[in-house]
Amino acid sequence: MNTIRHSRPLLALCAGLLLATASAANAQVVGYNFRTGDAWVDTRLIEINDYGSRYREPFIDEMTGYYGAPRSLVTDLFGRRWSAGDIYYACAIAHILRLPCIDVVHEYERNPGQGWGAIAKRMGIKPGSSQFHALKNGFSRTYDRWGYPVAVDRNVHVDWSKHGPGKGKPANAGNGNGGGKSSRPAQGNGHAASDKGRGGEHGPPAQGGGGKGKGQGQGGKDKGNGQGKK
């Protein structure tokens, strides 16, 4: 009996500590400040955090199929306690700069605590620049694929617990090791560009005026960056 009496306070203490830890973790996710320098982008990244925690596989498919991140890298970053928002923004920046996502990951990890605004600016993406606008437009395309179109700078909050993961799926998402092909819209008249390249990451969409374009992609079986055939 004495053993049982003494164990009860200990069990209550352990339960309290677990609840406190869980609450702190949730608060950290909800209140996390990405410090991109743009309130609209910060809000989207908070929502992407929520999306990635609820729908891990659709999130990974988005990163591999449209942003060219190797699946092994995305999975590893989750294992290293990167948030979905941080993973998304690292690979979105890499996509705009035509770099492997791991390059941006290394830059971020070399400068912990600086915030994404400082990282992006140091890498050449300045607030208000065409590249920064391209980043913001990328959010809209991702949300569209997830089943909830959002206009850039529109003051809106998306609750993914109500909207679900969306019906859109990346076209032929690769596995990050050169084992898949991607088909993405070319910037121009909206026709699809078929991409092929070397390595483990996809390059940005082709810049051609339509039809099919070929070029040197950043990675996995990629044809991006071509000027297109008319």
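Q: What do the buried residues of α4 pack against in this predicted model?
A: They pack against three helices: α3 (56-66), α5 (84-97) and α6 (101-110). The model is predicted, by the way. The buried residues themselves are Leu73, Val74, Leu77 and Phe78, in a helix that covers residues 71-79.

Q: How do you know that the buried residues of α4 line one face of the helix?
A: Look down the axis of α4: the buried residues fall within an arc of 135°, so they line one face. Just past the helix comes Arg81, with a positive phi near 65°.

Q: Why are α3 and α4 called oblique to each other?
A: Their axes cross at roughly 135° and come within 9 Å. Roughly antiparallel would take an angle over 145, and roughly perpendicular runs from 65 to 115. The crossing of α3 and α4 fits neither, therefore the pair counts as oblique. It's a right-handed crossing, too.

Q: Which residues make the contact between α3 and α4?
A: From α3 you get Arg56, Glu57, Phe59, Ile60, Asp61, Met63 and Thr64, and from α4 Arg71, Val74, Thr75 and Phe78. Sorted by class, that's five nonpolar, two polar and four charged residues.

Q: What makes α2 and α5 an oblique pair?
A: Again, it's the angle: the axes of α2 (residues 39-54) and α5 cross at roughly 120°. The roughly perpendicular range stops at 115 and roughly antiparallel starts over 145, so α2 and α5 are oblique. Their axes come within 7 Å, and α2 passes α5 in a right-handed crossing.

Q: What classes of residue does the contact of α2 with α5 have?
A: On the α2 side sit Val41, Leu45, Ile48, Asn49 and Gly52, and on the α5 side Ala84, Gly85, Tyr88 and Tyr89. The tally is six nonpolar, three polar and no charged residues. Gly is counted among the polar ones, which is why Gly52 and Gly85 land in that class.

Q: Why is Ser140 called buried?
A: The relative accessible area of Ser140 is 16%, and buried means under 20%, so Ser140 makes the cut. You'll find Ser140 in helix α8 (residues 130-145).

Q: What does Ser140 touch, leaving out residues up to four places away in sequence?
A: Ser140 touches Trp40, Val150, Ala151 and Val152. Take Val150: it sits 10 residues from Ser140 along the chain, and their C-alpha atoms are separated by 5.4 Å.

Key: Residues are numbered from 1 along each chain as its sequence is written. This is a predicted model: local features need pLDDT of at least 70, side-chain atom pairs count only at pLDDT 80 or more; totals for chains, interfaces and linings use all residues. Side-chain values use heavy atoms; hydrogens and water are left out. Buried means under 20% relative accessible area, exposed over 50%, partly exposed in between (1.4 Å probe, protein chains only). Helices (H or I, at least four residues) and strands (E, at least two) are DSSP runs, numbered from the N terminus. The arc is that of the directions from the helix axis to the C-beta atoms. Contact means heavy atoms within 4.5 Å. Axes are lines fitted to C-alpha atoms, for helices over the stretch in contact, and angles run from 0 to 180 degrees between N-to-C directions. Angles under 35 degrees count as roughly parallel, over 145 as roughly antiparallel, 65 to 115 as roughly perpendicular and the rest as oblique. A crossing is left-handed if the near helix is turned anticlockwise from the far one by less than a right angle, and right-handed if clockwise.
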